[in-house]
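Biologist: Please take a close look at the salt bridges of this model, and at the loop beside one of them.

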Amino acid sequence: MFLSVESDGNDEHGMQWKGLKSLISLEFTGMPKLVSLPLGLQHVTSLRRLQISDCSSLMAIPEWICNWASLELFTISRCNGLTSLPEAMSRLTSLKKLTIQDCPILLRRCEQERGEDWPKIAHIPELLFLPWSLVRD
């Protein structure tokens, strides 16, 4: 099951994430008012792919991300409000690929060996850091 969320707000309508037991792929795209991920999303433990892009107000990835033990692919792009990764990233042992694109502060924090967030992601086999966007408006 794949779900793409495109909206101007947070989880205003009380979407029941608990009912999405077989959700494997989720995208949050073009949501400039999204400040945090919906709390109910922590119950979607089947998630394998997550993409967050163009969510300029997103301030943090929650610590409960470690509930996503099956997460394999995680992409963050053009989320300039996001300035660090949670400690829980180090507990995502199934994560095979992390892509961070066009997030200047986050990219600096993830620099190999010297970035503040490097210890949280050093275990991930494939890291792709792109300081620019592949798609321009």
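Modeller: Counting as a salt bridge any side-chain nitrogen of Lys or Arg within 4 Å of a carboxyl oxygen of Asp or Glu, one arrives at seven salt bridges. This is a predicted model, in which local features need pLDDT of at least 70 and side-chain atom pairs count only at pLDDT 80 or more, while totals for chains, interfaces and linings use all residues. Residues are numbered from 1 along each chain as its sequence is written, and side-chain values use heavy atoms, with hydrogens and water left out.

One of the salt bridges pairs Glu-126 with Lys-97, at 3.7 Å from N to O. Glu-126 belongs to strand S6 and Lys-97 to strand S5 (residues 97-101), so the pair ties together parts that are 29 residues apart in sequence; helices (H or I, at least four residues) and strands (E, at least two) are DSSP runs, numbered from the N terminus. With buried meaning under 20% relative accessible area, exposed over 50% and partly exposed in between (1.4 Å probe, protein chains only), Glu-126 is partly exposed at 42%, and Lys-97 is partly exposed at 25%.

Another salt bridge joins Arg-109 to Glu-116 at 3.2 Å, N to O, and Lys-120 forms one with Asp-117, their closest N and O atoms being 2.8 Å apart. Lys-120 and Asp-117 are both buried. Through shared partners, salt bridges link Glu-87, Arg-109, Glu-116, Asp-117 and Lys-120 into one network.

The loop between helix H2 (118-121) and strand S6 (126-130) holds His-123, which is partly exposed at 32% relative accessible area. Leaving aside residues up to four places away in sequence, His-123 touches Met-89, Ser-90, Leu-92 and Thr-93, contact meaning heavy atoms within 4.5 Å.
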